Amino acid sequence: MSRSNTAVKRLFKRDDARPAAARPVGVTLKSARELQAMRQAGRVVGKTISSLLAAVKPGMSTRDLDELAAAEIKRLGGQPAFLGYRGFPATICTSLNEEIVHGIPGKRLVREGDVLKLDVGAVVDGFYGDSAVSVCVGEAPPRVRELVETTRLALEAGVKAARPGARLGDVGYAVQSVAEAHGFSVVREYVGHGIGRALHEDPNVPNFGTPGQGLVLQPSMTIAIEPMLNIGGWETRLLGDNWTVVTKDGSLSAHFEHTVHISPEGPQVLTAREEV
Ligand code: MG
Ligand code: MG
(Lines give C-alpha, C1' and ligand atoms only; values in the text may rest on other atoms or scores of the structure.)
(Ligands and ions follow the chains in the order given, each with its own letter.)
Protein backbone atom coordinates (compact mmCIF):
# COMPACT_ATOMS: atom_id res chain seq x y z
CA MET A 1 0.00 0.00 0.00
CA SER A 2 1.11 3.52 -0.57
CA ARG A 3 0.60 6.62 1.48
CA SER A 4 -1.46 9.60 0.40
CA ASN A 5 0.91 12.52 -0.02
CA THR A 6 -1.66 15.27 0.53
CA ALA A 7 -3.38 13.66 3.50
CA VAL A 8 -0.05 13.11 5.19
CA LYS A 9 0.97 16.74 4.76
CA ARG A 10 -2.19 17.68 6.65
CA LEU A 11 -1.34 15.19 9.38
CA PHE A 12 1.93 16.91 10.16
CA LYS A 13 0.55 20.25 11.18
CA ARG A 14 2.07 21.24 14.51
CA ASP A 15 -1.32 21.72 16.12
CA ASP A 16 -2.19 18.06 15.69
CA ALA A 17 -4.73 17.60 18.46
CA ARG A 18 -5.45 13.93 18.00
CA PRO A 19 -4.64 11.40 20.71
CA ALA A 20 -1.10 9.98 20.51
CA ALA A 21 -2.33 6.61 19.22
CA ALA A 22 -3.93 8.28 16.19
CA ARG A 23 -0.88 10.32 15.22
CA PRO A 24 1.50 9.07 12.57
CA VAL A 25 4.50 7.03 13.67
CA GLY A 26 7.78 8.95 13.29
CA VAL A 27 11.06 7.78 11.74
CA THR A 28 12.23 4.72 13.69
CA LEU A 29 15.51 2.81 13.64
CA LYS A 30 15.21 -0.96 13.94
CA SER A 31 17.17 -3.21 16.29
CA ALA A 32 18.71 -6.49 15.07
CA ARG A 33 15.78 -8.39 16.61
CA GLU A 34 13.25 -6.13 14.94
CA LEU A 35 15.01 -6.49 11.59
CA GLN A 36 14.81 -10.25 12.00
CA ALA A 37 11.01 -10.02 12.33
CA MET A 38 10.91 -7.72 9.30
CA ARG A 39 12.93 -10.26 7.31
CA GLN A 40 10.35 -12.89 8.22
CA ALA A 41 7.48 -10.61 7.22
CA GLY A 42 9.31 -9.76 3.98
CA ARG A 43 9.81 -13.45 3.26
CA VAL A 44 6.08 -14.13 3.71
CA VAL A 45 5.24 -11.26 1.36
CA GLY A 46 7.80 -12.30 -1.28
CA LYS A 47 6.68 -15.93 -1.29
CA THR A 48 3.01 -14.95 -1.43
CA ILE A 49 3.66 -12.73 -4.45
CA SER A 50 5.55 -15.59 -6.15
CA SER A 51 2.55 -17.88 -5.61
CA LEU A 52 0.18 -15.25 -7.01
CA LEU A 53 2.35 -14.71 -10.09
CA ALA A 54 2.47 -18.46 -10.70
CA ALA A 55 -1.32 -18.73 -10.41
CA VAL A 56 -2.60 -15.69 -12.29
CA LYS A 57 -4.34 -16.41 -15.60
CA PRO A 58 -7.18 -14.94 -17.67
CA GLY A 59 -10.63 -15.84 -16.31
CA MET A 60 -9.63 -15.74 -12.62
CA SER A 61 -11.42 -13.20 -10.47
CA THR A 62 -9.47 -10.77 -8.36
CA ARG A 63 -11.22 -12.38 -5.38
CA ASP A 64 -9.65 -15.73 -6.35
CA LEU A 65 -6.25 -14.03 -6.08
CA ASP A 66 -7.20 -12.51 -2.73
CA GLU A 67 -8.23 -15.91 -1.35
CA LEU A 68 -5.00 -17.49 -2.55
CA ALA A 69 -2.99 -14.71 -0.89
CA ALA A 70 -4.89 -15.11 2.38
CA ALA A 71 -4.17 -18.85 2.42
CA GLU A 72 -0.48 -18.36 1.56
CA ILE A 73 0.12 -15.68 4.20
CA LYS A 74 -1.48 -17.91 6.83
CA ARG A 75 0.43 -21.02 5.69
CA LEU A 76 3.72 -19.08 5.89
CA GLY A 77 3.03 -17.94 9.46
CA GLY A 78 2.03 -14.33 8.86
CA GLN A 79 -1.08 -12.23 9.15
CA PRO A 80 -2.52 -10.01 6.42
CA ALA A 81 -1.40 -6.40 6.90
CA PHE A 82 -4.05 -4.66 4.81
CA LEU A 83 -7.23 -6.46 5.97
CA GLY A 84 -9.00 -3.99 8.25
CA TYR A 85 -6.37 -1.25 7.74
CA ARG A 86 -8.54 1.88 7.88
CA GLY A 87 -11.38 -0.47 7.01
CA PHE A 88 -9.79 -2.03 3.88
CA PRO A 89 -11.98 -5.08 3.18
CA ALA A 90 -9.50 -7.57 1.67
CA THR A 91 -6.10 -9.25 2.13
CA ILE A 92 -4.37 -7.72 -0.90
CA CYS A 93 -4.90 -4.86 -3.33
CA THR A 94 -5.62 -5.84 -6.95
CA SER A 95 -5.56 -2.93 -9.39
CA LEU A 96 -6.21 -3.30 -13.11
CA ASN A 97 -5.14 -1.11 -16.05
CA GLU A 98 -5.91 2.57 -15.25
CA GLU A 99 -6.20 1.67 -11.57
CA ILE A 100 -2.94 2.74 -9.94
CA VAL A 101 -3.19 1.33 -6.41
CA HIS A 102 -5.60 0.15 -3.68
CA GLY A 103 -8.04 -1.71 -5.94
CA ILE A 104 -10.39 -3.94 -3.92
CA PRO A 105 -10.55 -7.62 -4.96
CA GLY A 106 -13.99 -8.78 -6.05
CA LYS A 107 -15.93 -10.48 -8.83
CA ARG A 108 -14.07 -8.74 -11.65
CA LEU A 109 -12.28 -11.17 -13.93
CA VAL A 110 -8.70 -10.74 -15.03
CA ARG A 111 -8.60 -10.68 -18.84
CA GLU A 112 -5.95 -11.30 -21.48
CA GLY A 113 -4.09 -8.02 -22.07
CA ASP A 114 -4.78 -6.53 -18.62
CA VAL A 115 -2.07 -4.82 -16.61
CA LEU A 116 -2.56 -6.34 -13.15
CA LYS A 117 -1.02 -4.87 -10.02
CA LEU A 118 -0.76 -7.04 -6.91
CA ASP A 119 0.09 -5.33 -3.63
CA VAL A 120 0.72 -7.60 -0.63
CA GLY A 121 1.43 -6.85 3.03
CA ALA A 122 2.04 -9.20 5.95
CA VAL A 123 2.79 -8.92 9.65
CA VAL A 124 5.06 -11.27 11.62
CA ASP A 125 5.68 -10.73 15.35
CA GLY A 126 4.28 -7.23 15.08
CA PHE A 127 6.48 -6.16 12.13
CA TYR A 128 5.40 -5.39 8.60
CA GLY A 129 6.48 -6.20 5.05
CA ASP A 130 4.94 -4.51 2.00
CA SER A 131 5.64 -5.25 -1.68
CA ALA A 132 3.94 -4.95 -5.04
CA VAL A 133 4.36 -6.16 -8.62
CA SER A 134 2.77 -5.47 -11.97
CA VAL A 135 2.27 -8.02 -14.68
CA CYS A 136 0.87 -8.06 -18.21
CA VAL A 137 -1.67 -10.88 -18.38
CA GLY A 138 -0.93 -12.69 -21.63
CA GLU A 139 -0.08 -10.62 -24.70
CA ALA A 140 0.29 -6.84 -24.44
CA PRO A 141 1.49 -4.12 -26.87
CA PRO A 142 5.19 -3.15 -26.68
CA ARG A 143 4.51 0.22 -25.02
CA VAL A 144 2.53 -1.49 -22.25
CA ARG A 145 5.32 -4.00 -21.67
CA GLU A 146 7.75 -1.07 -21.60
CA LEU A 147 5.63 0.62 -18.89
CA VAL A 148 5.75 -2.45 -16.67
CA GLU A 149 9.46 -3.12 -17.27
CA THR A 150 10.40 0.54 -16.75
CA THR A 151 8.52 0.66 -13.45
CA ARG A 152 10.45 -2.41 -12.30
CA LEU A 153 13.73 -0.76 -13.35
CA ALA A 154 12.71 2.49 -11.62
CA LEU A 155 12.24 0.57 -8.38
CA GLU A 156 15.63 -1.09 -8.88
CA ALA A 157 17.23 2.35 -9.36
CA GLY A 158 15.48 3.71 -6.27
CA VAL A 159 16.66 0.78 -4.16
CA LYS A 160 20.27 1.21 -5.39
CA ALA A 161 20.17 4.88 -4.39
CA ALA A 162 18.97 4.07 -0.86
CA ARG A 163 22.43 3.91 0.69
CA PRO A 164 23.32 5.16 4.17
CA GLY A 165 24.23 8.84 3.89
CA ALA A 166 22.13 9.36 0.76
CA ARG A 167 19.04 11.57 0.96
CA LEU A 168 15.44 10.88 0.10
CA GLY A 169 15.77 13.30 -2.81
CA ASP A 170 18.44 11.00 -4.28
CA VAL A 171 16.04 8.05 -4.14
CA GLY A 172 13.17 10.03 -5.69
CA TYR A 173 15.45 11.44 -8.38
CA ALA A 174 16.72 7.97 -9.29
CA VAL A 175 13.15 6.68 -9.73
CA GLN A 176 11.95 9.75 -11.62
CA SER A 177 14.95 9.76 -13.98
CA VAL A 178 14.29 6.21 -15.16
CA ALA A 179 10.56 6.91 -15.61
CA GLU A 180 10.97 10.15 -17.52
CA ALA A 181 13.76 8.80 -19.74
CA HIS A 182 11.07 6.48 -21.15
CA GLY A 183 8.43 9.21 -21.39
CA PHE A 184 6.34 7.98 -18.45
CA SER A 185 5.03 10.18 -15.65
CA VAL A 186 5.46 9.56 -11.92
CA VAL A 187 2.48 9.69 -9.56
CA ARG A 188 2.94 12.46 -6.97
CA GLU A 189 -0.17 12.19 -4.85
CA TYR A 190 0.79 8.77 -3.43
CA VAL A 191 4.24 7.91 -2.17
CA GLY A 192 6.35 5.27 -0.44
CA HIS A 193 6.83 5.33 3.31
CA GLY A 194 8.76 4.23 6.35
CA ILE A 195 7.65 0.81 7.58
CA GLY A 196 8.25 -1.44 10.58
CA ARG A 197 6.04 -1.64 13.63
CA ALA A 198 3.40 0.14 11.55
CA LEU A 199 2.49 -0.28 7.89
CA HIS A 200 3.02 3.43 7.29
CA GLU A 201 5.68 5.23 9.28
CA ASP A 202 7.65 8.36 8.54
CA PRO A 203 9.29 9.42 6.33
CA ASN A 204 7.30 9.83 3.13
CA VAL A 205 9.33 8.40 0.24
CA PRO A 206 8.34 10.28 -2.94
CA ASN A 207 9.13 8.89 -6.39
CA PHE A 208 10.40 12.28 -7.50
CA GLY A 209 12.94 14.63 -6.00
CA THR A 210 16.07 16.71 -6.18
CA PRO A 211 19.48 15.09 -5.54
CA GLY A 212 21.03 16.11 -2.23
CA GLN A 213 17.72 17.20 -0.70
CA GLY A 214 15.54 15.67 1.99
CA LEU A 215 16.10 13.43 4.97
CA VAL A 216 19.47 11.64 5.24
CA LEU A 217 19.08 7.85 5.20
CA GLN A 218 20.64 6.19 8.23
CA PRO A 219 21.61 2.57 8.88
CA SER A 220 18.73 0.61 10.51
CA MET A 221 16.03 2.64 8.80
CA THR A 222 13.47 0.62 6.85
CA ILE A 223 11.46 2.12 4.01
CA ALA A 224 9.03 0.97 1.32
CA ILE A 225 9.99 2.32 -2.10
CA GLU A 226 7.07 2.09 -4.54
CA PRO A 227 7.18 3.80 -7.93
CA MET A 228 3.80 4.29 -9.65
CA LEU A 229 4.26 5.19 -13.34
CA ASN A 230 1.61 6.27 -15.83
CA ILE A 231 1.64 6.25 -19.61
CA GLY A 232 -0.23 9.60 -19.56
CA GLY A 233 -0.26 12.34 -16.94
CA TRP A 234 0.62 11.92 -13.25
CA GLU A 235 -2.70 13.20 -11.86
CA THR A 236 -4.94 10.80 -9.97
CA ARG A 237 -8.59 10.43 -9.03
CA LEU A 238 -10.19 8.46 -6.18
CA LEU A 239 -13.15 6.23 -7.10
CA GLY A 240 -16.43 6.21 -5.19
CA ASP A 241 -15.36 3.17 -3.12
CA ASN A 242 -12.93 5.59 -1.41
CA TRP A 243 -10.01 3.21 -2.03
CA THR A 244 -9.31 2.66 -5.70
CA VAL A 245 -6.93 5.28 -7.11
CA VAL A 246 -7.05 5.69 -10.90
CA THR A 247 -5.23 7.86 -13.41
CA LYS A 248 -7.22 11.03 -14.03
CA ASP A 249 -6.81 10.69 -17.81
CA GLY A 250 -7.61 6.96 -17.84
CA SER A 251 -4.13 6.00 -19.05
CA LEU A 252 -2.47 2.76 -17.97
CA SER A 253 -0.43 2.61 -14.78
CA ALA A 254 2.15 0.25 -13.27
CA HIS A 255 3.41 -0.16 -9.70
CA PHE A 256 6.29 -2.02 -8.07
CA GLU A 257 7.32 -1.97 -4.42
CA HIS A 258 9.90 -3.42 -2.07
CA THR A 259 10.51 -3.04 1.64
CA VAL A 260 14.17 -2.06 2.02
CA HIS A 261 16.54 -2.07 5.00
CA ILE A 262 19.22 0.64 4.87
CA SER A 263 22.08 -1.53 6.14
CA PRO A 264 25.54 -0.13 6.88
CA GLU A 265 26.75 -1.98 3.75
CA GLY A 266 23.97 -0.64 1.55
CA PRO A 267 20.33 -1.33 0.71
CA GLN A 268 18.94 -4.80 1.48
CA VAL A 269 15.61 -5.80 -0.07
CA LEU A 270 13.55 -7.55 2.63
CA THR A 271 10.74 -8.61 0.27
CA ALA A 272 12.97 -10.21 -2.41
CA ARG A 273 11.63 -13.29 -4.20
CA GLU A 274 12.94 -15.87 -6.60
CA GLU A 275 12.31 -14.64 -10.14
CA VAL A 276 9.42 -16.32 -11.92
MG1 MG B 1 2.16 -1.93 -0.84
MG1 MG C 1 3.58 0.58 0.63
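Let's start with cysteine 93: that residue is buried, with a relative accessible area of 1%. Keep in mind as I go that everything here comes from a predicted model. So what does cysteine 93 pair with? Nothing, because the closest cysteine sulfur, in cysteine 136, sits 19 Å away, too far for a bond. Cysteine 136 is likewise in no disulfide, and that residue is buried too, with a relative accessible area of 12%. The disulfide count for the structure is 0.

Okay, on to the metals. There are two magnesium ions to talk about, ligand 1 and ligand 2, and they lie 3.2 Å apart. Which residue bridges them? Methionine 1 does, coordinating both ions.

Take the magnesium ion (ligand 1) to begin with. Its protein donors are Met1 through N, Asp119 through OD, listed twice, Asp130 through OD and Glu257 through OE. The distances there run from 1.7 to 2.6 Å. If you want to scan for that arrangement along the chain, the spacing reads M-x117-D-x10-D-x126-E. Methionine 1 is in the segment before strand 1, while aspartate 119 is in strand 5, residues 115-124, so this pair ties together parts 118 residues apart in sequence. Are those two buried or exposed? Methionine 1 counts as buried at 1% relative accessibility, and aspartate 119 counts as buried at 3%.

Now the magnesium ion (ligand 2). Here we have Met1 again, this time through O, plus Asp130 (OD), His193 (NE2), Glu226 (OE) and Glu257 (OE), at 1.7 to 2.3 Å. So, for anyone keeping track of methionine 1, the N goes to ligand 1 and the O goes to ligand 2. Asp130 and Glu257 turn up in the donor list of ligand 1 and again in that of ligand 2. Along the sequence, the ligand 2 donors are spaced M-x128-D-x62-H-x32-E-x30-E. Look at histidine 193 and glutamate 257 in particular: histidine 193 is in strand 8, residues 190-194, and glutamate 257 is in the loop between strand 14 (253-255) and strand 15 (258-263). They are 64 residues apart, so that's another link between distant parts of the chain. Both of them are buried.

Next up, salt bridges. How many are there in the whole structure? The search finds 9, and I'll walk through some of them.

One is arginine 3 with aspartate 202, where the side chains meet at 3.3 Å, N to O. Arginine 3 is in strand 1, residues 3-4, and aspartate 202 is in strand 9, a gap of 199 residues in sequence. Both partners are buried.

Strand 9 shows up again in the next one. Lysine 30 forms a salt bridge with glutamate 201, with 2.9 Å between the closest N and O atoms. Glutamate 201 is the strand 9 partner here, whereas lysine 30 comes from the loop between helix 1 (5-11) and helix 2 (32-55), and 171 residues separate them. Lysine 30 and glutamate 201 are buried as well.

For something with a different look, try glutamate 99 and arginine 108, bridged at 3.0 Å between the closest N and O atoms. Glutamate 99 is buried at 10% relative accessible area, but arginine 108 counts as partly exposed, at 38%. And then there's a network of salt bridges linking Glu149, Arg152 and Glu156.

Last topic, the inside space. How many cavities of 30 Å³ or more does the count give? Just 1, and the largest cavity holds about 30 Å³ of space. What lines it? Val27, Thr28 and Lys30 are in the lining, then Gly194 and Ile195, then Glu201, Asp202 and Pro203, and finally Met221, Thr222 and Ile223. You'll recognise some of those: Lys30 and Glu201 are in the lining, and they are the salt-bridge pair from a minute ago. Asp202 lines the cavity too, and that's the partner of arginine 3.

In terms of elements, strand 9 (201-205) and strand 10 (221-225) each supply at least two lining residues. By character, the lining splits into 5 nonpolar, 3 polar and 3 charged residues.

To pull it together: two magnesium ions 3.2 Å apart share methionine 1, there are 9 salt bridges, and there are 0 disulfides. Happy to go back to any of it on screen.

Definitions and conventions. Residues numbered from 1 in each chain as written. Chains lettered and ligands numbered in written order. Predicted model: local features only at pLDDT ≥ 70, side-chain atom pairs only at ≥ 80, totals over all residues. Heavy atoms only, no water. 1 Å grid on protein atoms, 1.4 Å probe; cavity = no way out; pocket = protein on both sides within 12 Å on 5 of 7 lines; lining within 4 Å. Points joined across faces, edges and corners; volume = space filled by probe spheres on them. Helix = DSSP H or I, 4+ residues; strand = E, 2+ residues; numbered from the N terminus. Nonpolar A, V, L, I, M, F, W, Y, C, P; charged D, E, K, R; others polar. Donors = N, O, S within 2.8 Å, 3.2 Å for Na, K, Ca; no water. Buried < 20%, exposed > 50% of the residue type's maximum accessible area, 1.4 Å probe, protein only. Salt bridge = Lys/Arg side-chain N within 4 Å of Asp/Glu carboxyl O. Disulfide = S-S within 2.5 Å.
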